[in-house]
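This report goes through one protein chain, taking its annotation, a central strand, its aromatic ring pairs and its enclosed and open spaces in turn.

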Amino acid sequence: MRKIVVGAFMSLDGIMQAPGGPDEDPIGGFKLGGWAAPYFDDTMTEAVGEMFARPFDLLLGRKTYDIFAAHWPYVDADDPIGPLFDRINKYVATRNPDLKLGWQNSHSLGPDAVAALRKLKREDGPDLLTQGSTDFLKTLFAGDLVDELNISIFPLVLGKGKRLFGDAALPSALKLVSSKVSGTGVTVNKYIRDGDIVTGSFEFETPTEAELERRRKLT
């Protein structure tokens with residue numbers, strides 16, 4: 001059975017938009033594209049290499065697919081990522097049935113991406129790794145399809161832009177299985193699913209009259 005693994009660069013306030021360059025994704029007036037590049041060091045390069053070291057297919061939203069297809073097929077043959085992305089399968093979520101996927105080994109998920117992914121997950125094969133694809137990630141979280149998250153959190157606040165999680169994400173507990181900090185202050189974290197959320201309480205066993213009054217005011 002295949003897993004869906006999310007790979008994401010994220011600011012402290014949860015924004016993923018355009019980490020790679022100023023012209024990557026200016027939608028919504030986003031003017032801070034390229035925010036991740038100054039933080040890359042050997043630790044970050046190693047973390048990216050580890051994410052791509054085990055077999056995987058790419059799982060992309062249409063906008064991220066367009067960004068990748070306009071870049072990775074054109075890098076030098078000795079680039080460590082471009083030739084890898086060329087030869088693996090790329091599954092693309094798109095609402096346009098007439099979209100032509102010109103990049104080799106690219107496949108549309110069709111009109112019902114969630115159903116297509118549930119079928120893919122039941123099959124044998126490498127894990128399905130997302131990159132970027134913030135709009136599509138919201139569909140994955142709402143459908144409870146994500147098994148693992150590899151999130152690098154950068155020490156900056158971007159204020160506005162496309163965020164990793166939306167209001168439709170289903171509540172779930174996660175387990176941190178590895179974490180490292182780069183020399184530039186980026187925390188590289190891997191999480192796996194860990195069942196339902198367990199709640200508790202720090203309140204008095206018997207609430208005070210002041211607390212009861214506070215609760216009445218809330219309602």
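## Annotated region

Which residues does UniProt list for "domain: Bacterial bifunctional deaminase-reductase C-terminal"? The unreviewed UniProt entry gives residues 2–187 for this domain. The model discussed here is a predicted one, and over residues 2–187 its chain is 23% helix and 23% strand, with the end C-alpha atoms 27 Å apart.

## Strand β2 and its neighbours

Strand β2 covers residues 56–61, and because six of its six residues are buried, the strand is largely enclosed by the rest of the structure. In a regular strand the side chains alternate between the two faces of the sheet. In β2, F56, L58 and L60 point one way, while D57, L59 and G61 point the other way, and all of these residues are buried.

The strand has pairing partners that include β5 and β3. With β5, residues 127–131, β2 pairs in the parallel sense over four bridges, and within that pairing D127 is the bridge partner of F56. With β3, residues 90–93, β2 likewise runs parallel, joined by four bridges, and here Y91 of β3 is the bridge partner of L59.

## Aromatic ring pairs

A pair of aromatic rings is described by the distance of the centres and the angle of the planes. The count for this model comes to 12 aromatic pairs. One of them joins F9 and F40 in an edge-to-face arrangement, at 5.7 Å centre to centre and with 70° between the planes. This pair links distant parts of the chain, since F9 belongs to strand β1 (residues 4–11) whereas F40 sits in the loop between β1 and α1 (42–51), 31 residues apart. F9 counts as partly exposed because its relative accessibility is 22%, where the cut-off for buried is under 20%; F40 is also partly exposed, with a relative accessible area of 35%.

The pair of F68 and W72 has ring centres 6.4 Å apart and planes at 85°, and is therefore edge-to-face. Both F68 and W72 are buried. Ring pairs also link F9, W35, Y39, F40 and F154 into a cluster, which takes in the two partly exposed residues F9 and F40.

## The cavity beside β2 and β5 residues

Rolling a probe the size of a water molecule over the atoms shows where empty space is left. How many cavities of 30 Å³ or more does the count give? The count comes to one, and the largest cavity holds about 50 Å³ of space.

Its lining consists of V5, M51, R54, P55, F56, D127, L128 and L129, and by class these residues divide into six nonpolar, no polar and two charged. The largest share of this lining, three residues, comes from β5. F56 and D127, both in the lining, are also the residues named above as bridge partners between β2 and β5.

## The second largest pocket

The second largest pocket has a volume of about 170 Å³. Its lining is made up of L140, F141, D144, L145, V146, L149, F165, A169, L170, S172, L174 and R193. Sorted by class, this lining has nine nonpolar residues, one polar residue and two charged residues. One of the lining residues, R193, carries a number beyond the range of residues 2–187 that UniProt lists for the domain.

Conventions. Residues are numbered from 1 along each chain as its sequence is written. This is a predicted model: local features need pLDDT of at least 70, side-chain atom pairs count only at pLDDT 80 or more; totals for chains, interfaces and linings use all residues. Side-chain values use heavy atoms; hydrogens and water are left out. Buried means under 20% relative accessible area, exposed over 50%, partly exposed in between (1.4 Å probe, protein chains only). Helices (H or I, at least four residues) and strands (E, at least two) are DSSP runs, numbered from the N terminus. Two strands pair if DSSP finds at least two bridges between them. UniProt positions are given in the numbering used here, feature names are shortened, and annotations may be inferred rather than shown by experiment. On a 1 Å grid over the protein atoms alone, a cavity is a set of points where a 1.4 Å probe fits but cannot get out, and a pocket is an open set with protein on both sides within 12 Å along at least five of seven lines; lining residues have an atom within 4 Å of a point. Grid points are joined across faces, edges and corners, and a volume is the space filled by probe spheres set on the points. Ala, Val, Leu, Ile, Met, Phe, Trp, Tyr, Cys and Pro count as nonpolar, Asp, Glu, Lys and Arg as charged, and the others, Gly among them, as polar. Rings of Phe, Tyr and Trp (its six-membered ring) pair if their centres lie within 6.5 Å; planes under 30 degrees apart count as stacked, over 60 as edge-to-face and the rest as tilted.
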